Amino acid sequence: MDLRAPAPDAVAALVAALPPGVAVTDAVAVEKYRRDRTEDPGAGTPAVVVRAESVEHVQTAVRWAAEHGVAVVPRGAGSGLSGGANAVDGCLVLSLERMRAVEIDPVTRVAYAEPGLLNAELKRAAAEHGLWYPPDPSSFEICSIGGNVATNAGGLCCVKYGVTTDYVLGLRVVLADGRAVDLGGPRLKDVAGLPLTRLFVGSEGTLGIVVRAVLRLVPAQRRPATLVASFPSLASATSAVLGITGRLRPSMLELMDRTSINAVEDMLRMGLDRSAAAMLVVQSDEPAGTAAEEISLVTQICEEAGATEVLSTDDPDESEAFVAARRACIPALERTGRLLLEDVGVPLPRLGDLVAGIEAIAEQHGTTIALVAHAGDGNTHPLVVFDPADADAEARARGAYDAVMRIALDLGGTITGEHGVGRLKRPWLEDYLGPDVLELNRRVKAALDPQGILNPGAGI
Ligand SMILES: Cc1cc2nc3c(=O)[nH]c(=O)nc-3n(C[C@H](O)[C@H](O)[C@H](O)COP(=O)(O)OP(=O)(O)OC[C@H]3O[C@@H](n4cnc5c(N)ncnc54)[C@H](O)[C@@H]3O)c2cc1C
């Protein structure tokens with residue numbers, strides 16, 4: 001079915017069907033809902049934005065969109081890095097930011113979270129019961145649980161604790177026809193029926209709107225010990241990464257390259273080694289004695305790989321400062337130019353080849369590519385930096401972006417490890433999935449959203 005912009009009287013009917021202030025159409029209010037963090041200048045303009053406060057509001061909006069053949073772009077906190085929440089012209093942006101309730105059941109160790117709840121707010125609610133929600137995107141203070149579920153977000157501790165889907169026990173989802181269904185729930189084991197809960201995790205708003213998540217919690221994390229190592233080359237750093245993953249399971253294994261280190265140092269002035277080609281941030285959250293042994297082993301591995309400096313600490317403030325430096329990479333690099341953000345991942349043994357290939361691509365295309373990585377997962381974020389006022393620089397940056405996707409595919413990797421396909425990575429999806437799997441994806445989409453109203457142009 002062809003989607004279309006709604007007629008003004010249809011929009012007026014939707015505004016009237018919802019409480020005052022829930023649906024907005026004026027240009028100033030709508031502007032804030034046009035783009036996610038990719039700041040894509042090509043993002044469209046919605047006909048209406050619904051800031052739902054309840055499941056019923058979501059259902060009203062989706063039923064209205066289905067009746068009028070209008071595209072629905074679901075939106076959490078808009079911190080996405082793949083254009084998944086970017087508006088299309090004439091669409092309905094369905095913002096979940098106002099649905100933020102959370103309830104903790106400490107006996108079952110689950111949280112019931114509304115989709116607009118921020119990841120950090122969930123962590124705080126769990127901590128009040130001595131519990132922990134592990135998934136920790138670097139953006140945890142500014143991203144929502146609904147967005148995390150929709151992108152199957154990863155983060156810094158995934159290397160040991162897994163990604164969002166590993167914590168999703170159940171979902172309440174509003175389907176494309178406006179029905180609300182419960183998938184899974186607070187049952188620690190449940191294998192009845194097809195595993196549909198997992199199908200919706202990572203579906204980027206293309207199959208349904210997540211209006212509640214039932215999330216597994218675990219006991220609070222032990223205070224981690226932290227190691228920071230500087231390397232004279234990216235190759236020595238990636239060799240240390242493989243040495244570490246081959247011998248132990250750290251709770252964090254992150255990499256920053258020289259460009260990222262310098263951008264963070266320019267912003268935070270914390271005394272990072274500007275001359276290092278790469279820096280690893282490694283943590284162990286094992287009990288104190290074991291953590292000390294692990295940090296000592298990591299020190300040895302880093303030194304054998306050629307590290308020029310290795311520091312370790314179990315002081316919480318000092319540890320947090322290094323982790324904060326890693327989390328600051330994207331905001332720090334955003335200050336240096338426009339970014340084309342990649343999220344390519346490879347099987348771990350190919351990490352060195354990927355990183356070397358990215359260095360070569362930057363040189364061939366005469367562009368800057370900063371590198372930040374959840375290295376222990378083989379998941380890298382090459383960030384192509386360019387001056388948006390320079391058309392030639394932009395063309396070179398876009399060429400480099402494509403070349404990075406291609407090298408990841410050649411190395412048996414994926415075009416996105418955690419940010420999602422969104423709108424920006426769609427041109428490379430078929431090459432990754434292949435025609436049969438792409439067709440399978442499209443059949444699932446057509447079964448759940450026959451009119452194609454949910455987030456058209458994003459994800460699959
Ligand atoms: C500085 C920075 C660091 C980051 N670090 C990480 C990281 O370490 N790991 C990581 O995985 N990501 C990271 N991200 C990316 C981003 O924060 C995540 O993708 C996050 O999960 C997006 O959540 P959001 O609420 O902002 O979603 P949005 O950007 O609003 O939306 C993301 C996608 O989810 C869909 N969606 C949102 N809510 C719903 C819902 N309730 N139902 C159905 N679909 C929905 C949208 O349509 C869109 O396709 C980072 C971003 C920034 C800015």
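This is a short talk on how the ligand sits in the protein.

Hi everyone, thanks for coming. One thing before we start: the model on the screen is predicted, so please keep that in mind as we go.

Let's begin with the ligand's surroundings. There are 37 residues around the ligand, and those that come nearest are Pro 74, Gly 76, Ser 79, Ser 139 and Ser 144. By type, the shell splits into 19 polar, 14 nonpolar and 4 charged residues.

Now for the polar contacts. At Ser 139, an N or O atom of the side chain is 2.6 Å from an oxygen atom of the ligand. Gly 76 takes part through its backbone: a polar atom there is 2.8 Å from a ligand oxygen. Then we have Thr 151, where a polar side-chain atom lies 3.0 Å from an oxygen atom of the ligand.

And how much of the ligand does the protein bury? On its own, the ligand exposes 980 Å², and 98% of that is buried by the protein. The space that the ligand takes up is also the largest pocket.

Which elements give two or more residues to the shell? They are strand 3 (72-75), helix 5 (145-151), strand 10 (209-216) and helix 12 (329-334). Helix 5 gives the most, with 5 residues.

Last, let's zoom out to the domains. Domain 1 (102-219) and domain 3 (337-419) each give residues to the shell, so the ligand lies between them.

That's my tour of the site. Thanks for listening, and I'm happy to go back to any view you like.

Methods. Residues are numbered from 1 along each chain as its sequence is written. This is a predicted model: local features need pLDDT of at least 70, side-chain atom pairs count only at pLDDT 80 or more; totals for chains, interfaces and linings use all residues. Side-chain values use heavy atoms; hydrogens and water are left out. A residue is near a molecule or strand if one of its heavy atoms lies within 4 Å of it. A polar contact is a pair of N or O atoms within 3.5 Å; within protein, one must be able to donate a hydrogen and the other to accept it, and residues adjacent in sequence count only if both atoms are side-chain atoms. Accessible areas come from the Shrake-Rupley method with a 1.4 Å probe; for residues, only the protein chains shown count as cover. On a 1 Å grid over the protein atoms alone, a cavity is a set of points where a 1.4 Å probe fits but cannot get out, and a pocket is an open set with protein on both sides within 12 Å along at least five of seven lines; lining residues have an atom within 4 Å of a point. A molecule sits in a cavity or pocket if more than half of its atoms lie within 2 Å of its grid points. Helices (H or I, at least four residues) and strands (E, at least two) are DSSP runs, numbered from the N terminus. Ala, Val, Leu, Ile, Met, Phe, Trp, Tyr, Cys and Pro count as nonpolar, Asp, Glu, Lys and Arg as charged, and the others, Gly among them, as polar. Domain bounds come from an automatic or database domain assignment.
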